[in-house]
Amino acid sequence: MALVWDDTYAMGVEEIDAQHRAIFNNFNALAAAYDAGAAPERLVEIIDFMNDYSTTHFTAEEKLAEEFDYPGLEEQRREHRRFEADMAELREKVREEGATSERVIALKGKLIQWLIHHVKHVDGELAAHIREHRH
Ligand SMILES: [Fe+2]
């Protein structure tokens, strides 16, 4: 399953939109490598890249939320930490069990759902707050 970017995901905050597009692309690269039966080491490499990138992205988002006194900052933080924990779990499962176990497939699906929910709803609310308070 690929994550297809469309304008309903755009927050209207250029830096964040570009990062979200990159996260979608990274995730698609992971899914494609996975579907092509890539070796676990290769998948772990992509997961590590994705983790580094999303940490940078989350930091940028949390900074923006702080700057704009966003009341949902704590929820943002919790969501971000949860994603990092789930990615860490995926990494371990891939390393231990390879790419084919049901648990890996379930985790991958969960992460895709998380990304869609987070970008559309959680970040969408942050974006609305920023647009309201930006002058
Ligand atoms: Fe985000």
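**Exercise 1. How α1 and α2 pack**

Task: Find the angle and the axis distance between α1 and α2 in this predicted model, then decide how the two helices run relative to each other.

Solution.
Step 1. The packing angle of α1 and α2 is about 165°. Their axes lie 10 Å apart.
Step 2. Angles over 145 degrees count as roughly antiparallel. α1 and α2 are therefore roughly antiparallel to each other.
Step 3. Add the handedness. α1 passes α2 in a left-handed crossing.
Step 4. List the residues that meet. From α1 they include I16, I23, F27 and L30. From α2 they include L43, I46, I47 and M50.

**Exercise 2. α1 against α4**

Task: Which residues of α1 meet α4, and at what angle do these helices pack?

Solution.
Step 1. Locate α4. This helix covers residues 102-133.
Step 2. Read the geometry. α1 and α4 pack at about 170°, with axes 12 Å apart. That makes α1 roughly antiparallel to α4.
Step 3. Name the residues. I16, H20, I23, F27, A31 and Y34 belong to α1. They meet K108, L115, V119 and D123 of α4.

**Exercise 3. α3 against α4**

Task: Describe the packing of α3 and α4 by angle, axis distance and crossing.

Solution.
Step 1. The angle is about 160°, and the axes of α3 and α4 are 10 Å apart.
Step 2. Apply the cut-off of 145 degrees for roughly antiparallel. α3 and α4 are therefore roughly antiparallel to each other.
Step 3. The crossing of α3 past α4 is left-handed.
Step 4. Look at the residues that meet. Among those in α3 are F83, M87, L90 and V94. Among those in α4 are V104, L107, L111 and W114.

**Exercise 4. The whole protein**

Task: How many helices and strands does the protein have, and how does its radius of gyration compare with the globule rule?

Solution.
Step 1. Count the elements. There are four helices and zero strands. Starting at the N terminus, the order is α-α-α-α.
Step 2. Compare the radii. The radius of gyration is 15 Å, close to the 14 Å that the globule rule gives for 135 residues. The protein is so as compact as a globular protein of that length.
Step 3. Check the box. Along the principal axes, the C-alpha atoms fill roughly 50 × 25 × 20 Å.
Step 4. Check burial. Of the 135 residues, 15% are buried.
Step 5. Check the contacts. Take those with a separation of 6 or more: 65% of them join residues 24 or more positions apart.

**Exercise 5. The largest nonpolar core**

Task: Which residues make up the largest nonpolar core, and which element gives the largest share?

Solution.
Step 1. Name the nine residues: F27, L30, L43, I46, I47, M50, L90, V94 and V104.
Step 2. Assign them to elements. α1 (14-35), α2 (40-67) and α3 (73-97) each give two or more residues. The largest share, four residues, comes from α2.
Step 3. Follow one member. Leaving out residues up to four places away in sequence, L30 touches L43, I46, I47 and M50.
Step 4. Recall the general trend. In soluble globular proteins, nonpolar side chains tend to be buried together.

**Exercise 6. Between α2 and α3**

Task: Are D69, Y70 and E62 buried, partly exposed or exposed?

Solution.
Step 1. Start with D69, in the loop between α2 and α3. D69 has 9 C-beta neighbours inside 10 Å, so D69 counts as exposed. Its phi is near 45°, a positive value in a residue other than glycine.
Step 2. Turn to Y70, in the loop between α2 and α3. With 19 C-beta neighbours inside 10 Å, Y70 counts as partly exposed. Buried would need 20 or more.
Step 3. Trace the contacts of Y70. Beyond four places in sequence, Y70 is in contact with A65, L126 and H129. Y70 and A127 are 57 residues apart in sequence, yet their C-alpha atoms are 9.8 Å apart.
Step 4. Finish with E62, in helix α2. E62 has 16 other C-beta atoms within 10 Å and is partly exposed. Leaving aside neighbours within four places, E62 is in contact with L73, Q76 and R77. The C-alpha atoms of E62 and E74 are separated by 9.2 Å.

Notes. Residues are numbered from 1 along each chain as its sequence is written. This is a predicted model: local features need pLDDT of at least 70, side-chain atom pairs count only at pLDDT 80 or more; totals for chains, interfaces and linings use all residues. A nonpolar core is a set of buried Ala, Val, Leu, Ile, Met, Phe, Trp, Tyr and Cys residues joined through C-beta atoms within 7 Å. A residue is buried if 20 or more other C-beta atoms lie within 10 Å of its own, exposed if 12 or fewer, and partly exposed in between; C-beta atoms are placed from the backbone. Two residues are in contact if their C-beta atoms, placed from the backbone, lie within 7 Å. The radius of gyration is taken over C-alpha atoms; the globule rule is 2.2 Å times the number of residues to the power 0.38. Axes are lines fitted to C-alpha atoms, for helices over the stretch in contact, and angles run from 0 to 180 degrees between N-to-C directions. Angles under 35 degrees count as roughly parallel, over 145 as roughly antiparallel, 65 to 115 as roughly perpendicular and the rest as oblique. A crossing is left-handed if the near helix is turned anticlockwise from the far one by less than a right angle, and right-handed if clockwise.
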